[in-house]
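Trainee: Could you pick one part of this model and take me through it closely, side chains included? I'd like the cut-offs spelled out as you go.

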Amino acid sequence: MSAATMRRPARFNFLAANGHLSLHHAWAFESGTTATDLLVRFRAWEVPVRDLRESGGAVTLPGTEESQALDQDVPLTVLFSEPDPAETDRVEVLEEARAFCRQYEIEMIPENEPERLLRILS
């Protein structure tokens, strides 16, 4: 599923529409790519999300051309995995993500607290 502002699209992993619309995304800070690549991908996601928070946008489900408007204050959640504390470059990327999420009122949920995500989705 992708959400778009007037300027740029952003990909989200899933959405919940049980009476209300909310967007959710997942980030793996612990492995799978270099910290530099992780930072580049995070910053690429950050730009359209900032636009969404500042101007609103629209959501389009895969395989459809139908879209639904998104208000600036649409609930956004990020599920994430913690990096190894010894991997300071990954920890720094996570801290940048946390600062961004605080600024734009995006809830961050660590993967070891899935019950928080389930409450959001129910």
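Mentor: Let's call it a salt bridge when a side-chain nitrogen of Lys or Arg comes within 4 Å of a carboxyl oxygen of Asp or Glu. We're working from a predicted model, so local features need pLDDT of at least 70 and side-chain atom pairs count only at pLDDT 80 or more, while totals for chains, interfaces and linings use all residues. Residues are numbered from 1 along each chain as its sequence is written, and side-chain values use heavy atoms, with hydrogens and water left out.

My pick is helix α2 and what sits around it, but let's place it first. The chain has 3 helices and 8 strands, where helices (H or I, at least four residues) and strands (E, at least two) are DSSP runs numbered from the N terminus. Read from that end, the order is β-β-β-β-α-β-β-β-α-β-α. Of its 122 residues, 39% are buried; that word means under 20% relative accessible area, with exposed over 50% and partly exposed in between, using a 1.4 Å probe and protein chains only. If we take contacts (heavy atoms within 4.5 Å) between residues at least 6 apart in sequence, 60% of them link residues at least 24 apart.

Now the part itself. Helix α2 covers residues 88-103, and together with β7 and β8 it builds a right-handed β-α-β unit. Right-handed here means that, with the strands pointing away from you, the path from the first strand over the helix to the second runs clockwise. The two strands, β7 at residues 76-81 and β8 at residues 107-110, pair in parallel over 4 bridges; two strands pair if DSSP finds at least two bridges between them. Within that pairing, Phe 80 faces Pro 110 of β8.

Go from β7 into the loop before α2 and you meet Pro 83. Pro 83 is buried, at 9% relative accessible area. Its C-alpha atom is 7.9 Å from that of Leu 94, although the two residues are 11 apart along the chain.

Which residue does Glu 87 bridge to? Arg 90 is the partner, and the closest N and O atoms are 2.9 Å apart. The two ends don't share a burial class: Arg 90 is buried at 7%, whereas Glu 87 is partly exposed at 29%.

Along α2 there's another salt bridge, Arg 98 to Glu 95, with the closest N and O atoms at 2.7 Å. Both residues belong to α2 and are 3 residues apart, about one turn of the helix. Arg 98 is partly exposed at 22%, and Glu 95 is also partly exposed, at 38%. Through shared partners, Glu 82, Glu 95 and Arg 98 become one salt-bridge network. Across the whole structure, the search gives 7 salt bridges.

The aromatic side of the story takes us briefly to another helix. Rings of Phe, Tyr and Trp (its six-membered ring) pair if their centres lie within 6.5 Å; planes under 30 degrees apart are stacked, over 60 edge-to-face, and the rest tilted. That rule gives 6 aromatic pairs. Phe 42 and Trp 45 make a tilted one, at 6.3 Å centre to centre and 40° between the planes. This pair sits in helix α1 (residues 35-55), its members 3 residues apart, about one turn of the helix. Phe 42 and Trp 45 are both buried. Back in our part, Phe 100 and Tyr 104 have ring centres 4.9 Å apart and planes at 40°, so this pair is tilted. Phe 100 and Tyr 104 are buried as well. And here's how the two regions tie up: Phe 42, Trp 45, Phe 100 and Tyr 104 join Trp 27 in one aromatic cluster.

One last stop, in the loop that takes α2 to β8: Glu 105. Most residues other than glycine have a negative phi. Glu 105, though, has a positive one, near 55°. Is Glu 105 buried or exposed? Exposed, with 68% relative accessible area.
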